[in-house]
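Visitor: Please take a close look at a single part of this model, and explain the terms as you go.

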Amino acid sequence: MVKEYLQEKVDAFKTEKERLLQEKERLDGARNRLHESIVEIQENADIDFEIFSPRADMHASKGKLHEMYTQMNDIKKQQVQVTRELESVTAELKKFEIMLEEVKNILP
């Protein structure tokens with residue numbers, strides 16, 4: 001009974017760890033794509049010479065860059081949160097794996 005409980009916890013933590021790793025990978029990809037887009041806009045647009053127009057602000061390079069930097073900051077915050085959760089889940093997983101091994105060694 002104890003062995004089954006510990007095995008369920010280990011399996012649940014492994015599943016959660018896998019989910020967090022996939023989320024981290026997704027965020028890394030999104031951040032890389034945003035970075036590439038920012039670099040492309042900076043290289044291809046002459047931001048300093050664009051004419052200011054309140055209606056065209058979001059279509060101008062400055063508006064696009066501002067939006068991309070905002071998205072980049074959001075992704076960075078999410079990455080920090082996922083990293084913290086991943087560290088916590090990994091620590092709990094190790095703890096339960098150790099307990100499960102000890103129970104397996106004690107009980108037949």
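Guide: What follows looks at helix 1 and its surroundings. This is a predicted model, in which local features need pLDDT of at least 70, side-chain atom pairs count only at pLDDT 80 or more, and totals for chains, interfaces and linings use all residues. Residues are numbered from 1 along each chain as its sequence is written, and side-chain values use heavy atoms, with hydrogens and water left out.

Helices are DSSP runs (H or I, at least four residues), numbered from the N terminus. The end C-alpha atoms of helix 1 are 63 Å apart, in agreement with the 63 Å that its 43 residues should span at 1.5 Å a residue; the expected span is 1.5 Å times one less than the number of residues.

The buried residues of helix 1 (buried means under 20% relative accessible area, with a 1.4 Å probe and protein chains only) are Leu6, Val10, Phe13, Leu20, Leu27, Ala30, Leu34, Ile38 and Ile41. Helix 2 is among what covers them, where contact means heavy atoms within 4.5 Å.

A search of the whole structure finds one aromatic pair. Phe13 and Phe96 form this pair, 5.5 Å centre to centre with 35° between the planes, and it is tilted. Ring centres of Phe, Tyr and Trp (its six-membered ring) must lie within 6.5 Å to pair; planes under 30 degrees apart count as stacked, over 60 as edge-to-face and the rest as tilted. The pair links distant parts of the chain, with Phe13 in helix 1 (residues 2–44) and Phe96 in helix 2 (residues 61–106), 83 residues apart. Both Phe13 and Phe96 are buried.

Notes:
Helix = DSSP H or I, 4+ residues; strand = E, 2+ residues; numbered from the N terminus. Buried < 20%, exposed > 50% of the residue type's maximum accessible area, 1.4 Å probe, protein only.
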